[in-house]
Amino acid sequence: PVPLGEPALHDLELEFVVNGVASDRAAARFGIREFTAELTPSGLLYKVNGRNLLVRGAGWTSEMLLRYSKERYEQEIAYVKHMGLNTIRLEGKLEDEAFFDATDREGILVMPGWCCCDHWEQWDKWDAEDLPVATASLRDQALRLRGRASVFTWLNGSDGPPPAKVEQAYLDVLKATGFPNPVVSSATEKKAEVSGESGMKMRGPYEWVPPLYWYTDTKLGGPHGFATEISPGPAPPPLESLKRFLPPDKLWPINEAWSYHCGGGPFKTLDVFTRAMEARYGPSTSVAEYARKAQAAAYESHRAMLESFGERKYTATGVIQWMQNNAWPGMIWHLYDFYLRPGGSYFGAKKAGEPLHVQYAYDDRSVVVVNSTLQEHKGLKATARVLDLASQE
């Protein structure tokens with residue numbers, strides 16, 4: 001996968017001949033690689049061809065009305081590669097063949113698994129027909145995905161592991177279908193009855209935190225272990241996008257129309273993000289000023305999160321930014337907006353994802369060089385300029 005090398009693919013052509021006549025033909029593209037996983041004291045560490053792999057990715061969602069096209073798949077996967085990420089996490093919505101054709105070709109890993117928050121995880125409500133349907137569904141997906149070079153793992157649950165009977169049925173299906181990659185019980189650290197520890201964690205945050213958090217936290221979402229859902233929260237789009245989905249009379253000040261494009265539960269407003277941004281950059285007096293400052297705030301927070309995991313590899317074994325994209329125009333949880341317009345979160349991730357990257361550590365004020373390639377780099381020199389608040393050197 002990127003940026004470790006070129007994702008070579010090979011062509012296979014099969015022909016079934018009866019009495020000298022071809023009765024059937026098939027063709028496939030495949031990649032030769034091996035993914036394994038090791039449960040370390042800090043979390044699950046994936047390896048590709050025997051080499052440690054720091055998983056750096058983001059969570060994918062389908063467009064709200066399922067109007068995805070091959071062209072949009074190509075565009076969004078190109079964005080992932082451009083940001084220096086190496087992984088897309090799919091939760092339940094497993095997309096079509098054009099998506100996997102692109103991830104295979106571009107060397108972007110895919111982390112699929114079943115979905116949270118619906119019947120897939122309401123095991124106490126299952127009746128006699130649900131388990132056969134679930135295992136048949138898994139069989140179909142395992143047969144579809146097992147030959148994909150970009151698919152490197154499978155999660156049998158999201159917000160919790162399946163009960164023993166269900167988990168064992170899933171494991172039996174994956175074994176019978178020859179699924180070749182590591183299987184994990186869920187995206188959380190909840191211990192599974194059959195397979196035991198997952199090596200994953202889902203402790204948040206999902207809301208804005210200061211950059212220092214990512215270097216000092218030792219209990220929640222900081223750079224330790226494998227964080228399957230994590231985010232510094234809101235990333236209000238640039239002004240051009242705000243004008244596309246907010247009515248002209250609702251552009252300013254911030255109001256219920258803005259909140260309608262936020263999330264649910266404790267994420268229904270931009271209040272936490274706005275208070276932090278005003279404390280750091282001063283109050284905004286217009287939508288243009290707010291949008292401009294929001295790009296700086298999102299850049300800083302998303303960059304710090306991804307940089308911290310790079311510095312602490314392989315004690316930090318994986319990080320999935322929640323999320324990569326939005327199902328409709330949104331204010332929170334994305335690295336680019338619904339209209340594919342990059343903002344501060346995109347460029348913060350891109351800077352952090354440089355294959356050879358010089359960064360600042362907020363905890364001890366050191367300068368760290370993170371090399372995400374397999375090549376040594378020697379004889380390098382780093383220089384820094386310090387500017388005051390008037391942008392004078």
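**Exercise 1. In which sense, and over how many bridges, do strand β7 and β8 pair?**

Solution. This is a predicted model, in which local features need pLDDT of at least 70 and side-chain atom pairs count only at pLDDT 80 or more, while totals for chains, interfaces and linings use all residues. Residues are numbered from 1 along each chain as its sequence is written, and side-chain values use heavy atoms, with hydrogens and water left out.

Step 1. Fix the terms. Strands (E, at least two residues) and helices (H or I, at least four) are DSSP runs numbered from the N terminus. Two strands pair if DSSP finds at least two bridges between them.

Step 2. Apply them. Strand β7 (residues 87-90) pairs with β8 in the parallel sense over three bridges. Within this pairing, Thr87 stands opposite Leu109 in β8.

**Exercise 2. Determine the strand order of the six-stranded sheet and follow its pairing through β12.**

Solution.

Step 1. The six strands form an open sheet in the order β8-β7-β6-β13-β12-β11, with parallel pairing. Its edge strands are β8 (109-111) and β11, each of which pairs on one side only.

Step 2. β11 pairs with β12 in the parallel sense over two bridges, and Lys201 stands opposite Ala227 in β12.

Step 3. On to β13: β12 and strand β13 (residues 316-321) pair in the parallel sense over four bridges. Here Gly225 stands opposite Ala316 in β13.

Step 4. Strand β12 (residues 225-230) is mostly covered, six of its six residues being buried; buried means under 20% relative accessible area, exposed over 50%, and partly exposed in between (1.4 Å probe, protein chains only).

**Exercise 3. Describe the sheet that contains β3, β4 and β5.**

Solution.

Step 1. These three strands form an open sheet in the order β3-β4-β5, and the pairing is antiparallel. The edge strands β3 (35-39) and β5 (51-53) each pair on one side only.

Step 2. Neighbouring strands of this sheet are turned by 40 degrees against each other on average, direction ignored. Axes are lines fitted to C-alpha atoms, for helices over the stretch in contact, and angles run from 0 to 180 degrees between N-to-C directions.

Step 3. β3 and strand β4 (residues 44-48) pair in the antiparallel sense over five bridges, and the bridge partner of Glu38 in β4 is Leu45.

**Exercise 4. Which parts of the chain are linked by the salt bridges of Glu15, Glu189 and Glu300?**

Solution.

Step 1. A salt bridge is a side-chain nitrogen of Lys or Arg within 4 Å of a carboxyl oxygen of Asp or Glu. By this rule the count comes to 23.

Step 2. Glu15 forms a salt bridge with Arg25, the closest N and O atoms being 2.8 Å apart. Glu15 belongs to strand β1 (residues 10-18) and Arg25 to strand β2 (residues 21-30), 10 residues apart. Glu15 is partly exposed at 47% relative accessible area, whereas Arg25 counts as exposed at 60%.

Step 3. Glu189 forms a salt bridge with Arg203, with the closest N and O atoms 2.6 Å apart. Glu189 lies in the loop between β10 (183-184) and β11 (200-201) and Arg203 in the loop between β11 and α5 (213-216), so the pair ties together parts that are 14 residues apart in sequence.

Step 4. The side chains of Glu300 and Arg280 meet in a salt bridge (2.7 Å, N to O). Because Glu300 lies in helix α9 and Arg280 in helix α8, the pair ties together parts that are 20 residues apart in sequence. Glu300 is buried at 15% relative accessibility, and Arg280 is partly exposed at 48%.

**Exercise 5. Which element gives the most to the lining of the second largest pocket?**

Solution.

Step 1. On a 1 Å grid over the protein atoms alone, a pocket is an open set of points where a 1.4 Å probe fits, with protein on both sides within 12 Å along at least five of seven lines; lining residues have an atom within 4 Å of a point.

Step 2. The lining of the second largest pocket includes Arg280, Glu300 and Tyr360. The elements that give two or more residues to this lining are α8 (271-281), α9 (287-311) and β14 (356-360).

Step 3. α9 gives the most, with five residues.
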